[in-house]
Amino acid sequence: MAAATVSTPFSISMLMIFIISMVYQAHAQLPLPRARQTTSVFYLQDVTTGPNATVAAVTGIKGRDWNYNTFGSIFVVDDPVMLGPSPSSTVVGRAQGLMVVSSHDAANVNVVLSIVFSNSQYSGSTLELQGISRQRENYKELSVVSGTGQFRFARGYASLQTVVYDPQTTRSIIRLTVTIQT
């Protein structure tokens with residue numbers, strides 16, 4: 001029986017074409033979809049005392065005062081989220097979650113906060129914020145770790161800045177600037 005013969009120039013040419021196409025495929029990049037970055041500004045209306053309080057201490061270390069200056073104090077939050085700093089501004093949702101004074105010197109508060117939207121544009125969607133809020137700093141930053149609805153797979157950061165604080169009424173207005181990529 002005769003062995004099959006392959007012409008050398010043909011096999012080398014085919015081998016070279018095969019190698020070149022493999023190298024090309026290994027280095028070829030498909031265009032990746034561009035992440036959409038958006039920045040939105042909201043205002044939290046925060047009240048810590050009285051019948052309309054939106055922040056309340058719920059527990060802490062036994063025998064100690066439960067406040068922002070005491071390690072171990074845990075607070076719940078349900079602040080209205082508004083488009084402007086005025087108390088009569090349009091409400092677009094609620095900032096609901098937990099804050100824990102997590103450092104012995106009370107400088108840091110661990111925050112887990114859900115921005116639950118109720119306005120028509122984002123109704124049913126949420127943004128999930130998490131991180132350490134450094135109480136003694138004017139500018140605070142949290143991570144945007146996720147979201148639901150229109151914010152599914154969101155990543156980014158949120159900055160918090162106190163715009164107004166009235167010690168008589170314990171009312172704070174906090175600017176929440178959220179920058180996300182979806």
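## Strands, core and pocket

Strands S1 and S3 run antiparallel and are joined by two bridges, strands being DSSP runs of E with at least two residues, numbered from the N terminus, and two strands pairing if DSSP finds at least two bridges between them. This is a predicted model, in which local features need pLDDT of at least 70 and side-chain atom pairs count only at pLDDT 80 or more, while totals for chains, interfaces and linings use all residues. Residues are numbered from 1 along each chain as its sequence is written, and side-chain values use heavy atoms, with hydrogens and water left out. S1 also runs antiparallel to S9, to which 11 bridges join it.

| Residue | Bridge partner |
|---|---|
| Leu44 | Val81, in S3 |
| Gln37 | Gln181, in S9 |

The largest nonpolar core (buried Ala, Val, Leu, Ile, Met, Phe, Trp, Tyr and Cys residues joined through side-chain atoms within 4.5 Å, buried meaning under 20% relative accessible area with a 1.4 Å probe and protein chains only) has 28 residues, and Ile115, Leu127, Leu129, Val144, Leu176 and Val178 touch the most other members. S5 supplies the largest share of this core, five residues. Leaving aside neighbours within four places in sequence, Val178 is in contact (heavy atoms within 4.5 Å) with residues including Phe42, Leu127, Val144 and Tyr157.

The largest pocket (an open set of points on a 1 Å grid where a 1.4 Å probe fits, with protein on both sides within 12 Å along at least five of seven lines, lining residues having an atom within 4 Å of a point) is lined by 23 residues, with Asp46, Tyr68, Lys140, Thr162 and Ile174 nearest its centre. S8 gives the most to this lining, four residues.

Note on methods. Buried < 20%, exposed > 50% of the residue type's maximum accessible area, 1.4 Å probe, protein only.
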